[in-house]
Amino acid sequence: MSFPARLLAAFFWLLHLLPFTVLRWLGAALGSLLYLVAGRRRRIGMTNLRLCFPEWTDGQRSKVIREHFRLLSTCLLSYGVLWFGSKKRVEKLVRREGYEHYLAVQDQSIILLAPHFIGLDYGGIRHTIDHWGASMYSASHQNPMDELLLMGRSRFGKPLLIKRNDGIRAIVKALRQHTLPFYYLPDQDMGPKESIFAPFFGIPAATIPALSRLSQLGRAVVVPMITRLEKDGFVTRYYPAWTDNFPSDDLLADTARMNRFIEDRVREIPAQYYWLHRRFKTRPEGEKSPY
């Protein structure tokens, strides 16, 4: 671990000594400040909400983005508990709902579909207490926070960490071993090279169509998994496996199904979806970027 990462780790170690109620208060304060000073990210979030929720007023969108900054900052400060808290404390911090849906298919290859809600690392690391598996990470733009994220994902066992630029072969191999569920984050704009345009809130969105391919090649079932932040901690909800005609022979339909599922969950907890990413930056030919 680099020296900057060690310094950052020391900061988070100190934070993990604080009760979660204090971390929530600090997160709300930090998020309120970031909402004011992070103008570029705030504008990206407002643009995303304007596209996805055109029926809302600007006041409604501002309220959601302000709350998003507060909750995101709470998640950030609580990483200390996730990385340095005892196993018992992590289990208390992150509760599970619908876990029976995972257990019902645990003898098969599994893809855990984990969209970019702000608590996704909490659900993923909590899952590794009982089930080690595989996940993908970006090997570029490494910084001290990236080093700590990789460390945290390995603290309860040694998962298979696959570099994004290694392609899908390593993932398929892991899935076919049956003992390695794959924690998959599918819903960011990675550019036009390997994406297709599938509707997301009614807008053509560049989407990697790998979920369907991985499910087919890895002979794996998809179990969606959403982690939300609540007043006293996090709750990871597992959903029933997609066993009804997934994957189908229609790649676009499968990708659109995934996006519809994410839409439905976003509508339930809109302030907890990661809105600060330029989700619609890649446009069909002839369309201008909304950013």
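**View 1. Polar contacts of the Arg-283 side chain in the predicted model.** The side chain of Arg-283 reaches the backbone oxygen of Pro-204 at 2.9 Å, and it also reaches the backbone oxygen of Phe-280, at 3.5 Å. Arg-283 belongs to the segment that follows helix α12 (251–268).

**View 2. Burial and surroundings of Arg-283.** With a relative accessible area of 14%, Arg-283 counts as buried, because the cut-off for that class is under 20%. Once neighbours within four places in sequence are left aside, Arg-283 is in contact with Phe-197, Ile-203, Pro-204, Lys-288, Ser-289 and Pro-290.

**View 3. The largest nonpolar core, with Phe-182 among its residues.** This core has 69 residues, and those with the most contacts inside it are Ile-111, Phe-182, Leu-211 and Trp-275. Its largest share, 6 residues, is contributed by helix α4 (residues 58–77). Not counting residues up to four places away in sequence, Phe-182 touches Ile-110, Ile-111, Leu-112, Ala-134, Ser-135, Met-136, Ile-171, Leu-175 and Leu-214. Another core, of 13 residues, lies apart from the largest one and has Tyr-99, Tyr-102, Leu-112 and Val-223 among its residues.

**View 4. The protein chain as the setting for these close-ups, with 12 helices and 9 strands.** The radius of gyration is 19 Å, close to the 19 Å that the globule rule gives for 291 residues, so the chain is as compact as a globular protein of that length. Buried residues account for 52% of the 291 residues, and among contacts between residues at least 6 apart in sequence, 79% join residues at least 24 apart.

Conventions:
Residues numbered from 1 in each chain as written. Predicted model: local features only at pLDDT ≥ 70, side-chain atom pairs only at ≥ 80, totals over all residues. Heavy atoms only, no water. Core = buried A, V, L, I, M, F, W, Y, C linked by side-chain atoms within 4.5 Å. Buried < 20%, exposed > 50% of the residue type's maximum accessible area, 1.4 Å probe, protein only. Helix = DSSP H or I, 4+ residues; strand = E, 2+ residues; numbered from the N terminus. Contact = heavy atoms within 4.5 Å. Polar contact = N/O pair within 3.5 Å; in protein donor to acceptor, adjacent residues only side chain to side chain. Rg over C-alpha atoms; globule rule 2.2 N^0.38 Å.
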